[in-house]
Amino acid sequence: MIRKAVPTDLDRLTEIESICFPPAEAAGREALAQRLYAFPACFWVMEEAGKMIGFINGMATDEPVIADEMFENAFLHKAEGRWQSVFGLDVLPEYRGKGCAAQLMQALIADARALGRRGCILTCNAHLLHYYEKFGYRSLGISASQHGGAQWYDMVLEF
């Protein structure tokens, strides 16, 4: 089941984020709380048998690529923004390879289309480029993002 996140999910969201991302890249409790407050309509949770097993989130923006300050300031969210960003796609390791991440991504894309957005944007590591291409994203090349000290690639899905 996929639903929108609510404030009472914060502890579990924080736990899953810490499992799915290295410490330098993971959003902390405060950042996740800010996101839940600033853009709850852009925060989807997946559950199985009432247990949260993953989530996807990102602000809406008029910017065509994700900038590092977006990760740090959820209040840059623009409810009517042209682009739906993806800040994180988190699925617990034991549920990977079962289509959970794909279902979460499809929910985000469907909502973005329904809201009349121009498309979706994300950053990813080189080894994930092929994964996001399956959804129709295309690489724009190496990103200016320095988030977590990693090398990122900007990707866009235009509707």
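**Pocket lining.** I sorted the lining of the largest pocket by class in this predicted model, and I noted 20 nonpolar, nine polar and seven charged residues. I then looked up the volume of the largest pocket, which comes to about 740 Å³; of the 36 residues that line the pocket, those closest to its centre are Phe 21, Leu 89, Asp 90, Leu 128 and Tyr 132. Going through the elements, I found that S6 (88–91) is among those that supply at least two residues each, alongside H1 (10–20), H2 (29–38), H3 (68–72), H4 (100–114), S7 (119–124) and H5 (129–133), and that S6 gives the most, with four residues.

**Helix H1.** I listed the buried residues of H1 as Leu 10, Leu 13, Thr 14, Ile 16, Glu 17 and Cys 20. They lie on the same side of H1, because they cover an arc of only 165° around the axis. For what covers these buried residues, I noted H2, S2 (43–48), S3 (51–57) and S6 among the elements.

**Aromatic pairs.** I recorded seven aromatic pairs in the structure. In one of them, the rings of Phe 39 and Phe 87 have centres 6.1 Å apart and planes at 75°, so I entered the pair as edge-to-face. This pair links distant parts of the chain, since Phe 39 sits in the loop between H2 and S2 and Phe 87 in the loop between S5 (83–86) and S6, 48 residues apart; both Phe 39 and Phe 87 are buried. I also entered Tyr 131 and Phe 135 as an edge-to-face pair, at 5.3 Å centre to centre and 70° between the planes. Phe 135 has 16% relative accessibility and therefore counts as buried, and I placed Phe 135 in one aromatic cluster with Tyr 131, Tyr 132 and Tyr 137.

Note on methods. Residues are numbered from 1 along each chain as its sequence is written. This is a predicted model: local features need pLDDT of at least 70, side-chain atom pairs count only at pLDDT 80 or more; totals for chains, interfaces and linings use all residues. Side-chain values use heavy atoms; hydrogens and water are left out. On a 1 Å grid over the protein atoms alone, a cavity is a set of points where a 1.4 Å probe fits but cannot get out, and a pocket is an open set with protein on both sides within 12 Å along at least five of seven lines; lining residues have an atom within 4 Å of a point. Grid points are joined across faces, edges and corners, and a volume is the space filled by probe spheres set on the points. Ala, Val, Leu, Ile, Met, Phe, Trp, Tyr, Cys and Pro count as nonpolar, Asp, Glu, Lys and Arg as charged, and the others, Gly among them, as polar. Buried means under 20% relative accessible area, exposed over 50%, partly exposed in between (1.4 Å probe, protein chains only). The arc is that of the directions from the helix axis to the C-beta atoms. Contact means heavy atoms within 4.5 Å. Rings of Phe, Tyr and Trp (its six-membered ring) pair if their centres lie within 6.5 Å; planes under 30 degrees apart count as stacked, over 60 as edge-to-face and the rest as tilted.
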